[in-house]
Amino acid sequence: MAIAGGVMAQDTVPATPVQPAQPAVPAAELTPAQPAAPAAGDKRQATREEADSLMKSMVGMLGEINTALGKVTDKATADAAAVTLKGIKAKMEDMQKSTENMAPPSQADMTALQQQYLPEILKVSAELEQTTQKLKENKFYGSEELETVLTDNMK
């Protein structure tokens, strides 16, 4: 039985019947429930905190890519950027593996996260597009390794 402000819920019911505006809330929704154990093969829903952490990591990795590519001025720095990008790609793959048994968070949480992170993601993505275009125009400064890493990631 729910207690609100020290008054039991049953004590707040009027003596005369009133047409309810909405159906009563089931008792199960009034108390926190233990999450049901997922059936074999089922994915558990990611929490808002987990999804937020993943979004922060993704934005951070996009920033790392931009930083690495922004330093490219010749073949040596292009080759070094390729090594850095391979490391970031490995981190992204590890992050993806860690989410394989998770379903996306609730629609409300996804909407809130998109509103929070979308402006930053669009900004970083636009910067990445410009930097990549510059690298293409400069033929990746002769670095086949950088061209391969960037081309493979775009497939």
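**Asn66, helix H2 and a pocket**

Mentor: Let us start with Asn66, which has a relative accessibility of 10% and therefore counts as buried, since the cut-off for that class is under 20%. Keep in mind throughout that we are looking at a predicted model.

Trainee: Okay, and which helix does Asn66 lie in?

Mentor: Asn66 belongs to helix H2, which covers residues 48–70.

Trainee: Which residues does Asn66 touch, if we skip those up to four places away in sequence?

Mentor: With those sequence neighbours left out, Asn66 is in contact with Val124, Glu127, Leu128 and Thr131. For orientation, helix H4 spans 107–137.

Trainee: Staying with H2, how do its axis and that of H3 cross?

Mentor: The axes of H2 and helix H3, the latter made of residues 75–98, come within 9 Å and cross at roughly 170°. Because angles over 145 degrees count as roughly antiparallel, H2 is roughly antiparallel to H3.

Trainee: And which residues in H2 and H3 meet?

Mentor: From H2 the contact takes in Leu54, Ser57, Met58, Met61, Glu64, Ile65, Ala68 and Leu69, while H3 contributes Ala81, Thr84, Leu85, Ile88, Lys91, Met92 and Met95. Sorted by class, this contact of H2 with H3 holds 11 nonpolar, 2 polar and 2 charged residues.

Trainee: Switching to pockets, how much space lies in the second largest one?

Mentor: The second largest pocket holds about 240 Å³ of space, and 13 residues line it, with Ala51, Leu54, Met55, Pro105 and Met110 lying nearest its centre. You will recognise Leu54, which is also among the H2 residues that meet H3.

Trainee: Which elements give two or more residues to the lining of that second largest pocket?

Mentor: Those elements are helix H2, strand E4 (102–103) and helix H4, and the largest share of the lining, 4 residues, comes from H2.

Trainee: How do the lining residues of the second largest pocket divide into nonpolar, polar and charged?

Mentor: In the lining of the second largest pocket, 12 residues are nonpolar and 1 is polar, with no charged residue present.

Trainee: Last topic, the whole chain: how many helices and strands, and in what order do the elements run?

Mentor: The chain contains 5 helices and 4 strands, and reading from the N terminus the elements follow the order β-β-α-β-α-α-β-α-α.

Trainee: What share of the chain's residues counts as buried, and what share of contacts joins residues at least 24 apart?

Mentor: Of the 155 residues in the chain, 21% count as buried. Taking contacts between residues at least 6 apart in sequence, 78% join residues at least 24 apart.

Methods. Residues are numbered from 1 along each chain as its sequence is written. This is a predicted model: local features need pLDDT of at least 70, side-chain atom pairs count only at pLDDT 80 or more; totals for chains, interfaces and linings use all residues. Side-chain values use heavy atoms; hydrogens and water are left out. On a 1 Å grid over the protein atoms alone, a cavity is a set of points where a 1.4 Å probe fits but cannot get out, and a pocket is an open set with protein on both sides within 12 Å along at least five of seven lines; lining residues have an atom within 4 Å of a point. Grid points are joined across faces, edges and corners, and a volume is the space filled by probe spheres set on the points. Ala, Val, Leu, Ile, Met, Phe, Trp, Tyr, Cys and Pro count as nonpolar, Asp, Glu, Lys and Arg as charged, and the others, Gly among them, as polar. Axes are lines fitted to C-alpha atoms, for helices over the stretch in contact, and angles run from 0 to 180 degrees between N-to-C directions. Angles under 35 degrees count as roughly parallel, over 145 as roughly antiparallel, 65 to 115 as roughly perpendicular and the rest as oblique. Contact means heavy atoms within 4.5 Å. Buried means under 20% relative accessible area, exposed over 50%, partly exposed in between (1.4 Å probe, protein chains only).
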